[in-house]
Each structure stands twice: as structure tokens, then as C-alpha cells.
Amino acid sequence: QLQLVESGGGLVQPGGSLRLSCAASGVNFNYYAIGWFRQVPGKEREGVSCVSPRGGGVSVKVADSVKGRFTISRDNAKNTVYLQMNSLISEDTAVYYCAAGRPIWTGQGLRCMGDDMDYWGKGTLVTVSS
């Protein structure tokens with residue numbers, strides 16, 4: 001069983017930055033791939049970025065919509081995953097969730113899909129507005 005708690009959301013102006021944190025408690029954190037997903041009311045959930053248990057390199061998946069702006073990282077010693085978000089735009093406004101699941105590999109590397117995730121946090125709201 002794994003519990004996930006997100007933090008770091010808030011109101012930020014366009015062009016600004018935020019860093020989200022996902023703190024995990026429970027067993028076997030190092031076993032799980034961790035992903036950040038976001039959802040706007042009335043729209044489908046979107047996978048933002050995922051990182052494999054060891055992190056880094058090809059073990060990171062980033063959505064095209066945030067590529068070059070968002071960076072995922074994990075600190076297994078602290079049981080925490082981060083999402084650094086730079087150059088924020090209004091379209092980034094959403095509730096951001098972190099989730100954990102068994103890592104699934106394809107020919108394109110780590111898969112990053114909500115249906116693969118077993119554990120979810122309650123989310124943190126990010127609002128990008130002037």
C-alpha cells in the first residue's frame with residue numbers, strides 16, 4: 001500500500017514557475033514508476049510526465065505539451081517526486097495528481113498512462129493567471 005500527497009500548487013502569473021512535490025509513504029516506493037497527471041473539469045485527464053523507479057534518461061516520459069518546460073525528478077532517499085514547471089501558460093491550469101504504478105516498458109520506453117497507475121494522490125490545484 002502506498003499513500004501519496006501532493007503539494008506546491010497555487011496561483012502563478014504566466015511565465016512563472018512552480019515546483020510540485022509528491023511525498024509517498026508506505027512500502028516499496030523504489031519499486032514504482034511515479035507519474036504526474038493533470039485534469040481540467042470537463043476534459044480528459046492528461047499524462048504530464050512519468051519517471052521509472054530509478055529515474056533519469058530514457059526512464060522519463062514527458063508529454064509534448066510540456067516538453068522543454070516541465071522536468072520530473074525523484075529522490076528515493078526522501079520518497080519524493082518533484083515536478084518543476086517553468087514558463088507556465090494559462091493552458092497549464094489544472095488539478096495536478098501524482099500516481100504510482102508498476103513500470104511498463106514499450107519500444108518507446110516507459111509508458112505513462114493513468115490506467116497503469118494503482119495509487120493516486122488527491123491532487124493540487126495550479127492556476128496560471130494574470
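User: What does the side chain of Thr-124 reach?
Analyst: The backbone nitrogen of Gly-9, at 3.2 Å. Keep in mind that this is a predicted model.

User: Which strand is Thr-124 in?
Analyst: Thr-124 belongs to strand 13.

User: Is Thr-124 buried or exposed?
Analyst: Buried. Its relative accessible area is 12%, and the cut-off for buried is under 20%.

User: What is Thr-124 in contact with, leaving aside neighbours within four places in sequence?
Analyst: Glu-6, Ser-7, Gly-8 and Gly-9 are on the list. So are Leu-20, Ala-94, Val-95 and Tyr-96.

User: Switching to the largest nonpolar core. How many residues, and which touch the most other members?
Analyst: It has 28 residues. Leu-4, Trp-36, Phe-70, Val-81, Leu-83, Met-85 and Tyr-96 touch the most other members.

User: Which elements give two or more residues to this core?
Analyst: Strands 1, 3, 4, 5, 7, 8, 9 and 13.

User: What lies apart from it?
Analyst: Another core, of 7 residues. Phe-37, Cys-50, Cys-112 and Met-117 are among them.

User: Now the open sheet of 4 strands. What's the order?
Analyst: 1-3-8-7, with antiparallel pairing.

User: Which strands stand at the edges?
Analyst: Strand 1 and strand 7. Each has a single partner strand, so one side of each lacks a neighbour in the sheet.

User: How are neighbouring strands turned against each other?
Analyst: By 15 degrees on average, direction ignored.

User: And how many bridges between strand 7 and strand 8?
Analyst: They pair over 6 bridges, in the antiparallel sense. Ser-73 stands opposite Tyr-82 of strand 8.

Technical notes: Residues are numbered from 1 along each chain as its sequence is written. This is a predicted model: local features need pLDDT of at least 70, side-chain atom pairs count only at pLDDT 80 or more; totals for chains, interfaces and linings use all residues. Side-chain values use heavy atoms; hydrogens and water are left out. A nonpolar core is a set of buried Ala, Val, Leu, Ile, Met, Phe, Trp, Tyr and Cys residues joined through side-chain atoms within 4.5 Å. Buried means under 20% relative accessible area, exposed over 50%, partly exposed in between (1.4 Å probe, protein chains only). A polar contact is a pair of N or O atoms within 3.5 Å; within protein, one must be able to donate a hydrogen and the other to accept it, and residues adjacent in sequence count only if both atoms are side-chain atoms. Contact means heavy atoms within 4.5 Å. Two strands pair if DSSP finds at least two bridges between them. Axes are lines fitted to C-alpha atoms, for helices over the stretch in contact, and angles run from 0 to 180 degrees between N-to-C directions.
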